[in-house]
Amino acid sequence: MEISTTPSSAAVSDERLAEILASPGFGLHFTDHMLTVEWTPDAGWHAGRIEPYGPLTLDPATAVLHYAQEIFEGMKAYRHADGSIWSFRPEENAARMVRSSRRLALPELDVADYIQAVDALVTADQRWVPDPAGEKSLYLRPFMFASEAFLGVRPAQHVTFMVIASPAGAYFKGGIKPVTLWLTEGYTRAGRGGMGAAKTGGNYASSLVAQQQASAQGCDQVVFLDAQEGRYVEELGGMNLYFVHDDGTIVTPETGTILEGITRSSIIELAGKLGHQVEERRFSIDEWRDGVRSGRIVEIFACGTAAVVTPVGALKWDGGEVPAPASTDLTMRVRQALVDIQYGRAEDTFGWMHRIV
Ligand SMILES: *Cc1c(COP(=O)(O)O)cnc(C)c1O
């Protein structure tokens, strides 16, 4: 794929950049450039370019604003101690974006083109990749949307793929502490045949009101149950869940209506190597409540690119609560093992890392 470059003439000064990277927060600051590729049925993917970061001009009839034909990815670039820059399993993000595009009737972007695009932007803005201290990284947001100006309901005939990047600090300021969860019984995130397995903005839009309820109840995050029976645990809406049992077995909800997290599948492999049996199956909310109360469940954790791995504490619902499980020992070991691979402090025996610079 051809990608032209127009360097920014208003790049952030070294002094200001040092200030931003000292305390980047999350999703607040964006790099000097952005990458764009366009698609039409006749020309396919074309007009690949890196340009100065800035606002888009959109026709008010742009299809994505009305019908939400949109997908995205989330990944990170990590700086290693020797200064080199790496991403984690980018081919998995690219393959997932292809699966999401099929569900949302968007055109497919080749895995190789996706990786080339991400690598090109990170290379252009490499000074924005923070030093590894304090688990900092450059968060990467590839996304694709219906950019045709047309109000009819059909797949757009003009589609735009972009990559933007934003430095990210440690997800947990002031140390890792368990997240408390609110069990929503009124809202679901995905039904059979729905978009639950696609990484699309619509799933997030539908989760916001449930997240609002969780916050009003003093909880950090919301847990969704399956739409059909309201019995089986799905995920947090942005993180996948694991239940560690007293015999070392780890259970994680099976895929179908949940998002197939890349952290999720990596942890399944890692835990296997650490000697744990991992079961992917339906896991009921009663199994959660009874398991914590009886002590059969000894740890619960959630995972996703942003937080990596976070211990799960108490679960609350309308009329009840189960406390946090007793331990966070395996949770912290799994987390450390993954982070050490990502930052190049442990040998990459799985072949997960991809060098960009
Ligand atoms: C992105 C996402 C996750 C986590 O996936 P990772 O690939 O591990 O970052 C989990 N659930 C939902 C709904 C997501 O969108």
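These are my notebook entries on the ligand site, the largest pocket and the cavities of a predicted model.

**Entry 1, ligand shell.** I began with the residues around the ligand. There are 15 of them, and Lys199, Tyr204, Glu235, Thr263 and Thr305 come nearest. I then sorted this shell by class and got four nonpolar, seven polar and four charged residues.

**Entry 2, polar contacts of the ligand.** I looked up N and O atoms of the protein beside those of the ligand. The side chain of Glu235 places an N or O atom 2.6 Å from a ligand nitrogen. Glu235 was already on my list of residues that come nearest. For Arg96, I noted 2.8 Å between a side-chain N or O atom and an oxygen atom of the ligand. Ile262 takes part through its backbone, with an N or O atom 2.8 Å from a ligand oxygen. I also checked how far the ligand is covered: on its own it has 380 Å² of accessible area, and the protein covers 96% of that.

**Entry 3, largest pocket.** Which pocket does the ligand take up? I found that the ligand occupies the space of the largest pocket. I recorded a volume of about 770 Å³ for the largest pocket. Its lining has 41 residues, and those closest to the centre are Tyr171, Tyr204, Gly238, Met239 and Ala306. Tyr204 is thus on this list and also among the residues that come nearest to the ligand.

By class, I noted 18 nonpolar, 14 polar and nine charged residues in the pocket lining. Next I looked up the elements behind the lining. At least two residues each come from the strands β7 (137-146), β10 (221-223) and β14 (297-304), and from the helices α5 (201-216) and α6 (262-273). Helix α5 gives the most, with five residues.

**Entry 4, cavities.** How many cavities of 30 Å³ or more are there? I count two. The largest cavity has a volume of about 110 Å³. I listed its lining as Gly74, Met75, Lys76, Tyr78, Phe88, Asn93, Ile262, Thr263, Gly304, Thr305, Val308 and Gln342. Two elements supply two or more of these residues, β5 (75-79) and α6. Strand β5 gives the most, with three. The classes in this lining are five nonpolar, six polar and one charged.

**Entry 5, cross-check.** I compared the cavity lining with the ligand entries. Thr263 and Thr305 line the largest cavity and are also among the residues that come nearest to the ligand. Ile262, another residue of the cavity lining, has the backbone atom 2.8 Å from a ligand oxygen. Helix α6 supplies residues to the lining of the largest pocket and to that of the largest cavity.

Note on methods
Residues are numbered from 1 along each chain as its sequence is written. This is a predicted model: local features need pLDDT of at least 70, side-chain atom pairs count only at pLDDT 80 or more; totals for chains, interfaces and linings use all residues. Side-chain values use heavy atoms; hydrogens and water are left out. A residue is near a molecule or strand if one of its heavy atoms lies within 4 Å of it. A polar contact is a pair of N or O atoms within 3.5 Å; within protein, one must be able to donate a hydrogen and the other to accept it, and residues adjacent in sequence count only if both atoms are side-chain atoms. Accessible areas come from the Shrake-Rupley method with a 1.4 Å probe; for residues, only the protein chains shown count as cover. On a 1 Å grid over the protein atoms alone, a cavity is a set of points where a 1.4 Å probe fits but cannot get out, and a pocket is an open set with protein on both sides within 12 Å along at least five of seven lines; lining residues have an atom within 4 Å of a point. A molecule sits in a cavity or pocket if more than half of its atoms lie within 2 Å of its grid points. Ala, Val, Leu, Ile, Met, Phe, Trp, Tyr, Cys and Pro count as nonpolar, Asp, Glu, Lys and Arg as charged, and the others, Gly among them, as polar. Grid points are joined across faces, edges and corners, and a volume is the space filled by probe spheres set on the points. Helices (H or I, at least four residues) and strands (E, at least two) are DSSP runs, numbered from the N terminus.
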